[in-house]
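Colleague: Could you take me through one part of this model up close? I would like to hear about a single pair of packed helices, and then a little of what surrounds it in the description.

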Amino acid sequence: MSATDEILQRDCLVVDDSRVVRKAARRFMEGFGFTVREAADGSQALQACRELLPEVVLLDWNMPVMDGLTFLKAARAEFGNGQPAIVLCTTEIAFEKIVEALDAGAQEYVMKPFDAEILGSKLAQLGLLQAAA
Amino acid sequence: MTNDDFAEIAGVVRRRSGIVLTGDKAYLLETRLGPVLAKFGLASLGALGQRLKQRPDDVLERAVVEALTTHESSFFRDGKPFEHLARILPKLVSARAPGAALRIWSAACSTGQEPFSIAMLIADTLGPRPECRVEILATDISAEILTRARQGVFTQFEVQRGLPIRSLVKHFKQEGAKWRVSPELAAMVRFEERNLLNDLSAIGKFDAIFCRNVLIYFDAPTKTRVLDALSRRLMPEGVLYLGGAETVLGLTDRLVPVSGERGAYGISTQRAAA
């Protein structure tokens with residue numbers, strides 16, 4: 001069975017070296033009905049994806065060991081372009097950085113700081129949440 | 001603030017904007033009129049009520065109305081009307097008389113997210129050189145808010161509410177921590193100060209009108225008056241989009257719901273034939 005076949009619906013992987021950010025993101029995503037796993041860098045995130053491919057990854061850019069962009073490229077090479085949905089959540093807000101992440105296969109991009117409304121809006125655009133009426 | 005003072009302020013707001021302030025909205029006056037009191041050197045809401053009662057003051061009345069007008073907005077707000085417009089755009093374009101422009105009106109445009117969302121939708125749907133001219137008229141009762149809207153500059157927080165990242169990259173330029181709409185997008189939208197209670201015949205007719213979350217602030221007779229005025233600005237095949245909590249039912253027979261499209265209304269066929 002391929003990793004793609006093992007997608008667990010409503011499973012989210014939060015990847016950030018800040019425990020505070022992971023905690024906040026967990027709270028938002030659990031509020032949207034997702035179960036949440038956490039990783040502190042790109043390497044841990046790749047391992048977590050190999051164990052069980054999540055539906056969506058919230059991905060920081062600047063992390064030790066393996067940064068977000070390196071993870072993004074590795075994940076697309078290993079798992080393909082469809083799954084998981086990858087949303088950058090980062091303080092890197094320069095136009096060129098956003099384009100670089102989109103070119104590498106990110107589906108959406110959240111500029112920190114963010115709140116539940118912004119995150120929910122981005123997930124709705126990806127069809128992962130129902131848009132607010 | 002006495003009941004008379006509240007009635008005086010509410011009366012000015014209703015006369016100038018149609019917005020009905022009931023007694024349970026007194027807190028709005030407390031929270032929003034502070035800067036107006038400071039600007040005009042008034043000690044309290046009571047003093048404001050007295051001033052308004054003593055003599056007409058266009059500048060002060062305008063400031064009061066602007067402070068009490070709600071400017072909540074976001075890009076592609078509520079999604080559905082934009083999806084519907086994208087679907088019917090080809091039909092609207094092909095229905096144009098030769099040389100006529102496709103005209104869309106954002107009737108309470110606030111800080112500009114709605115008209116610029118419409119502009120993005122048209123640019124993405126019809127391409128950079130559509131086969132007909134496109135005019136987007138964006139109006140609001142507030143001159144102050146229109147000044148902001150005309151700038152076409154949005155904060156990082158604003159561009160993340162409802163705007164897909166690819167649309168941001170495609171249609172905006174980054175300026176420090178803010179984002180400015182592209183010159184192409186800005187050129188598609190014309191901003192004008194307009195009060196929906198005034199004569200609107202000079203602005204012509206439209207293929208689509210967005211007037212969302214405006215009627216909820218009016219009483220029933222004012223809703224009817226505004227809906228009738230909007231229906232007269234609509235082309236025979238045009239569509240009026242209202243907010244999710246708004247309806248024409250029981251208010252006018254000039255407009256009927258578009259089947260299966262919540263919040264979308266067209267001209268009644270009986271009316272069109274009349």
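Modeller: Happy to; here is the helix pair, followed by a buried strand residue and the chain contact. Please keep in mind that this is a predicted model. The pair is in chain B, where helix α4 covers residues 45–54 and helix α5 covers residues 58–68. Their axes lie 10 Å apart and form an angle of about 135°. Because of that angle, α4(B) counts as oblique to α5(B). The crossing of α4(B) past α5(B) is left-handed. On the α4(B) side, B:Leu48, B:Arg51 and B:Leu52 make the contact, and they meet B:Leu60, B:Glu61 and B:Val64 of α5(B). By type, the residues of this contact are four nonpolar and two charged, with no polar ones.

Elsewhere in chain B, strand β2 (residues 134–140) holds B:Thr139. With a relative accessible area of 0%, B:Thr139 is buried. Leaving aside residues up to four places away in sequence, B:Thr139 touches B:Trp105, B:Ser106, B:Ala107, B:Ala108 and B:Cys109, along with B:Leu146, B:Glu192 and B:Arg194.

Finally, the contact between the chains: chain A contributes 22 residues and chain B 17. About 1,600 Å² is buried between chain B and chain A, and carbon and sulfur atoms give 56% of that area. Within the area that chain B buries against chain A, B:Gln156, B:Gln160 and B:Ile165 supply 38%, more than any other three residues.

Methods. Residues numbered from 1 in each chain as written. Chains lettered and ligands numbered in written order. Predicted model: local features only at pLDDT ≥ 70, side-chain atom pairs only at ≥ 80, totals over all residues. Heavy atoms only, no water. Helix = DSSP H or I, 4+ residues; strand = E, 2+ residues; numbered from the N terminus. Buried < 20%, exposed > 50% of the residue type's maximum accessible area, 1.4 Å probe, protein only. Contact = heavy atoms within 4.5 Å. Axes fitted to C-alpha atoms, helices over the stretch in contact; angles between N-to-C directions. Parallel < 35°, antiparallel > 145°, perpendicular 65-115°, else oblique. Left-handed = near helix turned anticlockwise from the far one by under 90°. Nonpolar A, V, L, I, M, F, W, Y, C, P; charged D, E, K, R; others polar. Buried area = accessible area lost by both parts, 1.4 Å probe.
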